[in-house]
Amino acid sequence: MRTILITGPGGSGRTTVAAATALAAAREGTRTLVLSADRTDTLGAILGVPTGATPARVSEHLTAWRPDATAGFRDDLAGFQDRASHVLDLLGASRLDPEEVTPLPGAEELTLLRALRDAALSERHELLVVDLPPVRQALALLSLPEELRRYLRRLLPAERQAAAGLRPVLGRLAGVPMPSEWLYETAARWDTELGAVEAVLADRQAVVRLVAEPGPAGSDAVRAAGLALALRGLRPDTLVANRVVPEDWPPGLVAQQRKALDEWREAHDVRTVPHLGHDPRGGDDLDALGVPAVNATTSTVEWPVVDQLAEDGVLVWHIPLPGAVRDELDLVRRGDELVVSAGRFRRIVPLPSALRRCTVAGAALREGELRIRFAPDPDLWPRTP
C-alpha cells in the first residue's frame, strides 16, 4: 500500500491538499483512505461529508476517517487498570471511571499513529493519505515510535525478561519488590505495536509531502522542515506550493511568491496549486486545484558507510543534512549510539554494526552532507593474518 504523509505550516492548506489528493486518486479507481488528526471536522467540511470516529464513505473508492482520541485513551486506560489490578489493590488505589477520563497530551498523536498502523495492516485500501498536524508537531509525531521504543528498551531491557523465574528470589535478596510479569508483558506489547507503526513510517512506499504558501514565512518553514526530515533520513517527495496567485493580482504579492518559488525549485520538486479566490469546498473545487498525483518516488534517504580503509584508514559515514549550519551541529558518541543535533532538532541513532568497533576520528560538513570519520579500534577490530 502506498502512503502519503502530508504536512506543512499552520494555515498552509495542508488538509485541503490532502483531501484533493485522496479524491483525485479515488476518481482514478484507487481504493483510498484519508486520515485526519484535526479535532474539528475541517476534512469533512472540505469533502462535503461529515467525518468522525467511524470511517465515512465519501465516494465509491474514497473513505475518510478522523479517529477519536478520547475513546481510544479510555480503552487503553481501562485495559491498563485491568492488567494492573493487583498492584492497584495493594496500593489501595481506586479505579478511574470512563466518564471522568480525558485524554492526556499526546493521546491524539498516539491515536493517529495507531489508526495509521491499523489502516496499513487491514489491506482494504491501496492508498493511504494522512493529513498530519502542522509541520513541527508532525515531525515530533514521526519520531515518536522510535523514541518511545528506545525508552522502553532502556527502562525494561528485553534480556531481563529471561530472568522471570528468578525475580521472586532476587526480590527477597534485594529486599525490594521486583517488576511484575504484567509490566514486562505490557512493555513487550507496546514495543510490538510501536514497531509496527515504525515499519509503516519507514517503508519505502511511504512518502512525506510538504505543503506551503510561497512567501517568507513559508520559506522559513520549508527550510526547517527539510533539515528536520533529513535528520530522520527523509526528504519530501514533492513540495506543493499552495494558493499561488495569478499574474494579474497585486504586483507585490506576485513578486513575493515568484521569488519563493524560484528558491524552492533549486532544492525541491515543486508543484503549484492555484488560489481559487475562495476556500475550496466540495468535489468541484478540489478538482480545480489540480494537485500533484501519486508518484513512484520515495522519501527514504540512504546514509551510506564508505570504506576508505585502504586510502585513509577510516570508514566514513555520510549523512545528508541539507540546510544544516556548521556552528549549529553537534555530535556525541554514547556507547553504540550517536546523538546528532542540528539547530533545534536532535536524533539519537544506533551506529551501523561496523562502526560500533570504531572510534570517532573527526567530522566535517561538506556540500550539505555531514561526513563522520571512524577509525577502527585495534582492541575490537578483527586482525588479518
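Which residues does Arg 149 touch, not counting residues up to four places away in sequence? I looked this up first and found Asp 191, Leu 194, Gly 195 and Glu 198, where contact means heavy atoms within 4.5 Å. Arg 149 itself lies in helix H6 (residues 135-155), helices being DSSP runs of H or I with at least four residues and strands runs of E with at least two, numbered from the N terminus. Its side chain makes a polar contact with the side chain of Glu 198 at 3.0 Å; such a contact is a pair of N or O atoms within 3.5 Å, where within protein one must be able to donate a hydrogen and the other to accept it, and residues adjacent in sequence count only if both atoms are side-chain atoms.

I note that this is a predicted model, in which local features need pLDDT of at least 70 and side-chain atom pairs count only at pLDDT 80 or more, while totals for chains, interfaces and linings use all residues. Residues are numbered from 1 along each chain as its sequence is written, and side-chain values use heavy atoms, with hydrogens and water left out.

Next I turned to the sheet. I found an open sheet of 8 strands in the order E3-E4-E2-E5-E1-E6-E7-E8, with mixed pairing, two strands being paired if DSSP finds at least two bridges between them. Strand E3 (56-59) and E8 stand at the edges with a single partner strand each, so one side of each is left without a neighbour in the sheet. Strand E7 (residues 236-244) runs parallel to E8 and is joined to it by 4 bridges, and Val 240 stands opposite Arg 271 in E8.

I then looked up salt bridges, each a side-chain nitrogen of Lys or Arg within 4 Å of a carboxyl oxygen of Asp or Glu, and the structure holds 18 of them. In one, the side chains of Asp 237 and Arg 209 meet at 2.8 Å, N to O. Asp 237 lies in strand E7 and Arg 209 in strand E6, so the pair ties together parts that are 28 residues apart in sequence. Both residues of this pair, Asp 237 and Arg 209, are buried, that is, under 20% relative accessible area, with exposed over 50% and partly exposed in between (1.4 Å probe, protein chains only).

Last, I checked helix H11 (residues 282-289), whose buried residues are Gly 282, Asp 285, Leu 286 and Leu 289. They pack against helix H1 (14-27), helix H2 (42-47) and strand E8 (270-274).
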